[in-house]
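Student: Could you take one part of this model and look at it closely, beginning with a single residue and working outward? I would like the cut-offs stated as you go, and a connected account.

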Amino acid sequence: MRYYEVKRTIMAKPDLVWSILTDPAVLSDGSFSILRIEGAITASSRIDLWSEVAPKQKFSLKISSFDPGRSMVWESGMPLGLFRGARSFEVQAAGPETLFRMREDYSGPLAGLMVKMIPDLQPSFDTFGDALKAAAEVRAA
């Protein structure tokens with residue numbers, strides 16, 4: 001199984017960080033490596049996302065887990081569980097700071113083959129983490 005992950009300590013309250021993570025307009029402002037999001041980021045919803053990594057490809061994602069203010073999971077995959085990608089977001093209070101973690105895991109019988117076709121996502125994960133930290137800290141100031 002292969003995964004990508006980013007962690008950041010953010011000088012802002014978790015509710016502020018969460019409000020950014022669930023706002024498609026902010027996430028598509030050009031600083032998060034996301035070009036566009038269509039749909040609401042809420043429990044059990046579906047969104048379509050276009051990223052800088054593959055600008056012509058639409059990713060249709062289901063919000064499969066949603067614990068407001070704490071965590072959510074966006075996922076997609078192939079029928080019969082042959083391949084699954086799940087991106088989890090976690091927000092945790094740590095005194096005056098927020099600990100943020102985003103991780104994308106790949107699973108299923110075809111995961112080994114499919115991950116070879118996925119470009120290196122670590123730079124876009126780092127960009128996302130940096131953009132979230134900057135946006136939240138500017139708003140908290």
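Tutor: Let us start with T22, which sits in the loop between α1 (14-21) and α2 (24-27); helices (H or I, at least four residues) and strands (E, at least two) are DSSP runs, numbered from the N terminus. The model is a predicted one, in which local features need pLDDT of at least 70 and side-chain atom pairs count only at pLDDT 80 or more, while totals for chains, interfaces and linings use all residues. Residues are numbered from 1 along each chain as its sequence is written, and side-chain values use heavy atoms, with hydrogens and water left out.

From its loop, T22 reaches with its side chain to the backbone oxygen of W18, at 3.0 Å. This is a polar contact, that is, a pair of N or O atoms within 3.5 Å, where within protein one must be able to donate a hydrogen and the other to accept it, and residues adjacent in sequence count only if both atoms are side-chain atoms. Once residues up to four places away in sequence are set aside, T22 touches I41, F66 and M72, contact meaning heavy atoms within 4.5 Å.

W18 leads us into the helix, since the buried residues of α1 are V17, W18, I20 and L21. Seen down the axis of α1, these buried residues fall within an arc of 160°, so they line one face of the helix. The arc is taken from the directions from the helix axis to the C-beta atoms, and buried means under 20% relative accessible area, with exposed over 50% and partly exposed in between (1.4 Å probe, protein chains only).

The helix α1 lies across β1, β4, β5 (71-77), β6 and β7, and runs at about 155° to β6. Helix α4 also packs on the sheet, where it touches β1, β2, β6 and β7, and its direction makes about 20° with that of β1. For these angles, axes are lines fitted to C-alpha atoms, for helices over the stretch in contact, and the angles run from 0 to 180 degrees between N-to-C directions.

The sheet itself is open and has 7 strands in the order β1-β7-β6-β5-β4-β3-β2, with antiparallel pairing. Strands β1 and β2 (34-38) stand at the edges, each with a single partner strand, so one side of each has no neighbour in the sheet. From one strand to the next the twist averages 20°. Two strands pair if DSSP finds at least two bridges between them; strands β3 (residues 46-51) and β4 (residues 59-67), which run antiparallel, are joined by 4 bridges, and L49 stands opposite F59 in β4.

Within strand β6 we find S88, which is buried, with a relative accessible area of 16%. Leaving aside neighbours within four places in sequence, S88 is in contact with M72, V73, R101, M102 and R103. M72 therefore brings us back to the starting residue, as T22 touches M72 too.

R101 and R103 introduce the charged pairs. Side chains of opposite charge can pair when their charged atoms come close. The structure holds 11 salt bridges, a salt bridge being a side-chain nitrogen of Lys or Arg within 4 Å of a carboxyl oxygen of Asp or Glu. One of them joins R103 to E5, with the closest N and O atoms 3.9 Å apart. Because R103 lies in strand β7 (residues 97-107) and E5 in strand β1 (residues 3-10), this pair ties together parts that are 98 residues apart in sequence. R103 counts as buried at 15% relative accessibility, whereas E5, at 21%, counts as partly exposed. R101 and E90 also meet through their side chains in a salt bridge (3.0 Å, N to O), linking distant parts of the chain, with R101 in strand β7 and E90 in strand β6 (residues 84-94), 11 residues apart. R101 is partly exposed at 22% relative accessibility, and E90 is partly exposed at 34%.

In helix α4, the side chains of E137 and K133 form a salt bridge (2.8 Å, N to O); being 4 residues apart in α4 (residues 122-140), they are separated by about one helical turn. E137 is partly exposed, with a relative accessible area of 24%, as is K133, with 27%. Back in the strands, salt bridges that share partners join E5, E90, R101, R103 and D105 into one network.
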